[in-house]
Amino acid sequence: MKRTFPIIVVLISLSLCGLFLLQASWFDNLMEVTRTQLIEKINMVGVNVADDIGKSTRSSQPLRLNRRGGLLLGTELQIKLFRQPTVEERFTMEEVREKISKEFQRVKLNNLKFEFAISDVEGDYEFYSTGYEQEFWDTINNKRNYYPILRETDNLALNEANELLIIIVPDLANQVWYSLRWILVGAVTFFLIILAAFYVTVKTLLNQKKLSQIKSDFINNMTHEFKTPLATISLAVDALKSPKVQANPEKGAYFTNIIKEENIRMNKHVETILQAAFLEKQELNLNLSKVSVHEMVREVAGTFELQLQDKNGQIDFLLNASHDAISADNTHFRNMISNLIDNAIKYSQDPVRIVVSSHSTKNYFVMRIQDNGIGMNKESVKRIFEKFYRAHTGNLHNVKGFGLGMSYVKTVIDAHKGKIKVDSAIGKGTSFTIEVPLMQD
C-alpha cells in the first residue's frame with residue numbers, strides 16, 4: 001500500500017492534468033470554429049438582406065414620397081420619376097430592422113445583438129439604428145460589415161450599387177462565448193465530477209490505509225494485553241505444582257489469588273472488546289434514573305486509591321455545583337467517569353495530581369477533570385475520540401489499552417445529550433470538560 005498509493009495518486013493527477021489541457025485545447029478550437037461560422041452567417045444575412053432591399057427598390061415599382069414631403073413640379077418631377085428610389089424612400093428603419101431580424105432567425109441566430117445603418121457610397125447616412133453611432137467607433141470588440149445594395153437596371157444587364165447596408169455586431173467575442181455557454185457549463189461540470197471522483201478515491205484509499213494501521217495497532221495491543229496475563233497465569237500454575245508451595249498454604253493462596261486477578265483482568269479486556277462491537281452496531285440503550293454526580297464521582301475515585309498510592313498521587317475535589325442531579329444511566333455514566341480518571345492516572349508521572357471541579361448553569365451540570373500528565377499535541381486532541389486511536393506517550397512505554405476508552409466516553413456523553421471538550425498542551429497536562437443537562441424538577 002505504501003508503494004502503490006503514491007503511484008495511483010501520480011497517475012490520476014497526470015490523467016486529470018492531461019484531460020484539462022485537452023478540454024482547454026478543444027474548447028479553444030471550438031471557439032474559433034464557432035466564431036468563423038458566426039461571421040459566415042452574419043455575412044450571409046447581410047448579403048441576403050441587401051439583395052432583397054435592392055430588388056425592392058427597382059424603378060419599375062411604385063415610388064414612395066420622400067419623408068420630407070412637398071410637391072414636385074417640372075424638371076424636378078421628371079428627375080424623381082426616372083431615377084432609382086433610395087432605400088429611405090422605399091422603407092422605414094423598422095422595416096429594415098425586421099428584415100434583418102427575420103434573416104437572423106432563419107439562420108438560427110435569434111438572440112444575436114446587432115446595429116445597422118443605410119448610407120450612400122459617399123458615406124452620407126439615410127438612417128441608422130439607435131445604438132449604431134455608439135458602437136461604430138469600437139473597432140476592437142465589434143464586427144462591422146458593409147454590404148452593397150445592388151439594383152438591376154431596366155436598360156442594361158449591369159448592376160449598380162449606390163447605397164450600402166452596414167451591420168455591426170457588438171462585442172462579437174462575448175456573443176460567441178454566450179452561444180457556447182451550455183457546452184462550457186457541461187464540460188466544467190463533468191470535469192468537476194471527475195475531480196470529485198478522484199478526491200473520493202484518494203480519501204477512500206487514505207481511510208483504508210488508516211484503518212489498516214488501526215487494525216495492526218489493535219492486534220498488537222490485544223496480543224500484548226492477553227499475553228501478559230496468560231504468561232502470569234502460566235507461571236502461577238507452575239508455582240502451584242511446586243512441592244514447596246503445596247506444603248505452604250499461604251503461598252498457595254497467594255498464587256491462587258494471582259490467577260484469579262489475572263482472570264478478572266482478561267475478562268475485563270474481553271468485555272471491553274465486546275462492548276466496542278456492540279456500540280458499533282447500535283446505540284446505547286439507557287436505563288435512566290436520578291443520579292447525584294458529586295456522590296458518583298467520589299465513589300468512582302475511591303476505586304483508584306491503590307493506583308494513586310502506587311504513583312504517590314491524589315485527587316482534589318472542587319465540587320462547587322449548586323445542582324448535581326441529572327437523569328443518567330447509572331452504569332454507563334459511572335464507567336464514563338471511571339475511564340476519564342483512569343486515563344488521567346495512566347498518562348501522568350509521579351506525583352499524580354488530579355483536580356475534579358464542577359459548577360452548574362441554569363440548565364446544565366459542568367464537570368472538569370484536569371491532570372498534570374504529559375499532555376497531547378493538536379493532532380492527538382483532534383483524534384482522541386476516534387475508536388482504537390491511542391495518543392503517543394512520549395517516553396512512557398507502560399500505558400496499556402485498546403484505544404476504546406475515549407470513544408466509549410464520547411458515545412456515553414452523546415447518548416446523554418451532553419458535550420465534551422478537551423484542552424491539552426505538551427508537558428502541561430490535559431483537562432476534559434463535560435456538560436450534561438440537569439434533571440428538571
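Start by selecting lysine 102: with 51% relative accessibility, this residue counts as exposed, because the cut-off for exposed is over 50%. Keep in mind as you look around that the model is a predicted one.

Now add glutamate 98 to the selection. Lysine 102 and glutamate 98 form a salt bridge, and their closest N and O atoms are 3.3 Å apart. Both residues belong to helix H4 and sit 4 residues apart, about one turn of the helix. Glutamate 98 is partly exposed, at a relative accessible area of 43%.

**Along helix H4**

Stay in this helix and select arginine 106 together with glutamate 103. Here, too, the side chains meet in a salt bridge, at 2.7 Å from N to O. The two residues are 3 apart within helix H4, again about one turn of the helix. Is glutamate 103 buried or exposed? Glutamate 103 counts as buried, since its relative accessibility is 15% and the limit for buried is under 20%.

Next, pick lysine 99 and aspartate 52. Their side chains form a salt bridge with an N to O distance of 2.5 Å. This pair links distant parts of the chain: aspartate 52 lies in helix H1 (residues 4–56) and lysine 99 in helix H4 (residues 93–106), 47 residues apart. Aspartate 52 is partly exposed at 32% relative accessibility, and lysine 99 is partly exposed as well, with 24%. If you would like to hunt for others, the count for the model comes to 7 salt bridges.

**Helices H6 and H7**

Move on to helix H6, residues 172–179, and select Leu172, Gln175 and Val176, which are buried. Turn the view until you look down the axis of H6: the buried residues fall within an arc of 105 degrees, so they line one face of the helix.

Then select Val188, Leu192 and Leu195. What do these residues form on the surface? They make a nonpolar patch, with about 240 Å² of accessible area together. Leucine 195 belongs to helix H7, which covers residues 181–241, and is partly exposed at 35% relative accessibility.

Follow helix H7 along to valine 237. This valine is partly exposed, with a relative accessible area of 32%. Add isoleucine 259 to the view: the C-alpha atoms of valine 237 and isoleucine 259 are separated by 7.9 Å, while the residues are 22 apart along the chain.

**A stop at helix H8**

Select glutamine 246, which you will find in helix H8 (residues 243–247). Glutamine 246 is exposed, with a relative accessible area of 57%. Leaving aside residues up to four places away in sequence, glutamine 246 touches Leu240 and Lys241.

**Into the nonpolar cores**

Time to look inside. In soluble globular proteins, nonpolar side chains tend to be buried together. The largest nonpolar core in this model has 40 residues, and the ones that touch the most other members are Ile326, Phe333, Met336, Ile337, Ile341 and Met367. Which helix gives the most to this core? Select helix H12, residues 330–346: its contribution is 7 residues.

Zoom in on isoleucine 337. Not counting residues up to four places away in sequence, isoleucine 337 touches Met296, Val297, Val300 and Met367. Apart from this core lies another one, of 29 residues; Leu38, Leu112, Phe127 and Tyr147 are among them.

**A loop between two strands**

Select asparagine 363, in the loop between strand S8 (353–360) and strand S9 (364–371). Asparagine 363 is partly exposed, with 37% relative accessible area. Now bring in leucine 438: the two residues are 75 apart in sequence, yet 5.6 Å apart in space from C-alpha to C-alpha. With residues up to four places away in sequence left out, asparagine 363 touches Val436, Pro437, Leu438 and Gln440.

**Zoom out**

Finish with the whole protein chain in view. Its secondary structure comes to 14 helices and 11 strands. Of the 441 residues in the chain, 35% are buried. The chain exposes about 27,500 Å², and carbon and sulfur atoms supply 56% of that area. Among contacts between residues at least 6 apart in sequence, 71% join residues at least 24 apart. Asparagine 363 and leucine 438, 75 residues apart, are one pair to revisit with that in mind.

How values were computed:
Residues are numbered from 1 along each chain as its sequence is written. This is a predicted model: local features need pLDDT of at least 70, side-chain atom pairs count only at pLDDT 80 or more; totals for chains, interfaces and linings use all residues. Side-chain values use heavy atoms; hydrogens and water are left out. A salt bridge is a side-chain nitrogen of Lys or Arg within 4 Å of a carboxyl oxygen of Asp or Glu. Buried means under 20% relative accessible area, exposed over 50%, partly exposed in between (1.4 Å probe, protein chains only). Patches are made of residues with over 30% relative accessible area and no salt bridge: like charges are joined within 9 Å, nonpolar side chains (Val, Leu, Ile, Met, Phe, Trp, Tyr) within 5 Å. Accessible areas come from the Shrake-Rupley method with a 1.4 Å probe; for residues, only the protein chains shown count as cover. The arc is that of the directions from the helix axis to the C-beta atoms. A nonpolar core is a set of buried Ala, Val, Leu, Ile, Met, Phe, Trp, Tyr and Cys residues joined through side-chain atoms within 4.5 Å. Contact means heavy atoms within 4.5 Å.
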